[in-house]
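The exercises below ask the reader to work through a single protein chain. Each task is followed by a solution in steps.

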Amino acid sequence: MSSALSYVAAGSSIESVGTPWLWGGTIAVVLALVVLDFVLTRRPHEVSMREAVGWTTFYIALPVAFGVFLWVNSGGTAATEYFTGYLLEKSLSVDNLFVFMLLLSAFAVPKVLAQRVLLYGIVGALVLRGVFIALGAAALATLDWAFLLFGAILLLTAVKLLADAAGGYEAEVDISTMRSVRVLRRFWPVTDDYRGTKLTVVEKGKRALTPLALVVAAVMATDLVFAVDSVPAVYGVTGDPFLVFATNAFALLGLRALYFVLHAALSRLVHLAYGLATILAFIGVKLVLHWAHGVWSGVPTIPTAASLVVIVVVLATVTLTSLYATRNKQQEPTEPEVEASTS
């Protein structure tokens, strides 16, 4: 890369725009925003649409500003890879939101506690993806067939998504079958009701979990599944670990607010799984071609700009077809009605 921010880590062949200062600054901003979110959700309240839209706007403007910063300081290639990766991760995160919506409904989470559950899910996703990003970078630096492996993971995921979409999404979640829930209930008693934002309480001299702890465990278990798909996907766009981290972090940070903005529309995105399957299959093929190109230079590769176009076109198409297919659908509440004070 021709940028002044181009940086090659010691002992590694991976070139990155992420200097130590840029890594440190980005991580500091992410941690500060997470702490701010915990402070804002310390006093539970039902999120108003005005509040949700305001925070969603902020969490869209922030990554866009960061992309402009990359463009100025690191050049168009790094910025294009970043924006493509961010758009990919944001589209995958909408699928996360759909699962979160089902979990919140299955656990009968009061509306005033929904944003705290989402926040725990986001923090868990950030930690898990950080681990997978580091493992992915190490694999790409040392294993010649890592791109082939990542491509195979994405192609298998695409097939599974298509099979699930063809069979129809499960409208309900059976929490009694969740391994994470079964494990927790085996070792700790669970209270019958929620106790505000507390994960545990002391009852009759014994420590007991609240239902909030169970739903948080379930959400974090799904985070692990999504991380397995998400990190290889963005590595199909860029091999720069810093850009992979930045796209994941910025895509995840705004999920809490985005959930409340899109909540009513999520059930209408009936073709989203088909779009995500198409995108993951495309990125999977891109990774396989990249691996094959290293073996035989005559194999063509897919440029990042083409990936960006494909992602935008596919997302726009499935959104429009979903909205058209559900234009006469009567929306029904997906969460139990719980009296709560508005913010």
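**Exercise 1.** Classify Val68 by its relative accessibility, and place the residue in its surroundings.

*Solution.* In this predicted model, the relative accessibility of Val68 is 46%. Partly exposed residues fall between the buried limit of under 20% and the exposed limit of over 50%, so Val68 counts as partly exposed. As to secondary structure, Val68 belongs to helix 2, residues 49-74. On the surface, Val68 joins Ile60, Val64, Trp71 and Val72 in a nonpolar patch. Together these residues have about 480 Å² of accessible area.

**Exercise 2.** Determine whether Ser307 is buried or exposed, and list the residues in contact with Ser307 beyond its neighbours within four places in sequence.

*Solution.* The relative accessibility of Ser307 is 0%, so the residue counts as buried. Ser307 sits in helix 11, which covers residues 304-325. With neighbours within four places in sequence set aside, the contacts of Ser307 are Thr84, Phe282, Lys286 and Ile302.

**Exercise 3.** Describe the pairing of strand 3 and strand 4, and state which residue of their hairpin takes a positive phi.

*Solution.* Strand 3 (residues 200-203) pairs with strand 4 (residues 206-209) in the antiparallel sense, over four bridges. Within this pairing, Val201 faces Ala208 of strand 4. Two residues lie between the strands of the hairpin, and Lys204 has a positive phi near 55 degrees.

A further positive phi is found at Ala108, at about 50 degrees, although Ala108 is not a glycine. Most residues other than glycine have a negative phi. Ala108 lies in the loop between helix 3 (76-106) and helix 4 (111-142). With a relative accessible area of 40%, Ala108 is partly exposed.

**Exercise 4.** State how many aromatic pairs the structure holds, and analyse the geometry of Phe38 with Tyr120 and of Trp55 with Phe58.

*Solution.* The structure holds 14 aromatic pairs. In one of them, the rings of Phe38 and Tyr120 are 5.6 Å apart, centre to centre, with 70 degrees between the planes. Planes over 60 degrees apart count as edge-to-face, and the Phe38 and Tyr120 pair is accordingly edge-to-face. Phe38 belongs to helix 1 (residues 20-40) and Tyr120 to helix 4, so the pair ties together parts 82 residues apart in sequence. Phe38 is partly exposed at 26% relative accessibility, whereas Tyr120 is buried at 16%.

For Trp55 and Phe58, the ring centres are 5.8 Å apart and the planes stand at 90 degrees, so this pair is edge-to-face. Trp55 and Phe58 are three residues apart in helix 2, and are therefore separated by about one helical turn. Trp55 is partly exposed at 22% relative accessibility, and Phe58 is partly exposed with a relative accessible area of 34%.

Aromatic residues also gather in one cluster, which includes Trp23, Phe66, Tyr82 and Phe242.

**Exercise 5.** Find how many salt bridges the whole structure contains, and decide for Asp37 with Arg256 which parts of the chain the pair ties together.

*Solution.* There are three salt bridges in the whole structure. The side chains of Asp37 and Arg256 form one of them, at 2.9 Å from N to O. Asp37 lies in helix 1 and Arg256 in helix 9 (residues 255-266), so this pair ties together parts 219 residues apart in sequence. Asp37 and Arg256 are both buried.

In the salt bridge of Glu89 with Arg129, the closest N and O atoms are 3.1 Å apart. Here helix 3 supplies Glu89 and helix 4 supplies Arg129, so the pair ties together parts 40 residues apart in sequence. Glu89 and Arg129 are buried.

Arg195 forms a salt bridge with Asp193, with 2.8 Å between the closest N and O atoms. Arg195 is partly exposed at 28% relative accessibility, and Asp193 is partly exposed with a relative accessible area of 38%.

**Exercise 6.** Summarise the chain as a whole: what are its secondary structure elements, and what percentage of its residues count as buried?

*Solution.* The chain has 11 helices and four strands. Of its 343 residues, 47% count as buried. The chain exposes about 16,600 Å², and carbon and sulfur atoms supply 67% of this area. Among contacts between residues at least 6 apart in sequence, 77% join residues at least 24 apart.

Technical notes. Residues are numbered from 1 along each chain as its sequence is written. This is a predicted model: local features need pLDDT of at least 70, side-chain atom pairs count only at pLDDT 80 or more; totals for chains, interfaces and linings use all residues. Side-chain values use heavy atoms; hydrogens and water are left out. Patches are made of residues with over 30% relative accessible area and no salt bridge: like charges are joined within 9 Å, nonpolar side chains (Val, Leu, Ile, Met, Phe, Trp, Tyr) within 5 Å. Accessible areas come from the Shrake-Rupley method with a 1.4 Å probe; for residues, only the protein chains shown count as cover. A salt bridge is a side-chain nitrogen of Lys or Arg within 4 Å of a carboxyl oxygen of Asp or Glu. Buried means under 20% relative accessible area, exposed over 50%, partly exposed in between (1.4 Å probe, protein chains only). Contact means heavy atoms within 4.5 Å. Two strands pair if DSSP finds at least two bridges between them. Rings of Phe, Tyr and Trp (its six-membered ring) pair if their centres lie within 6.5 Å; planes under 30 degrees apart count as stacked, over 60 as edge-to-face and the rest as tilted.
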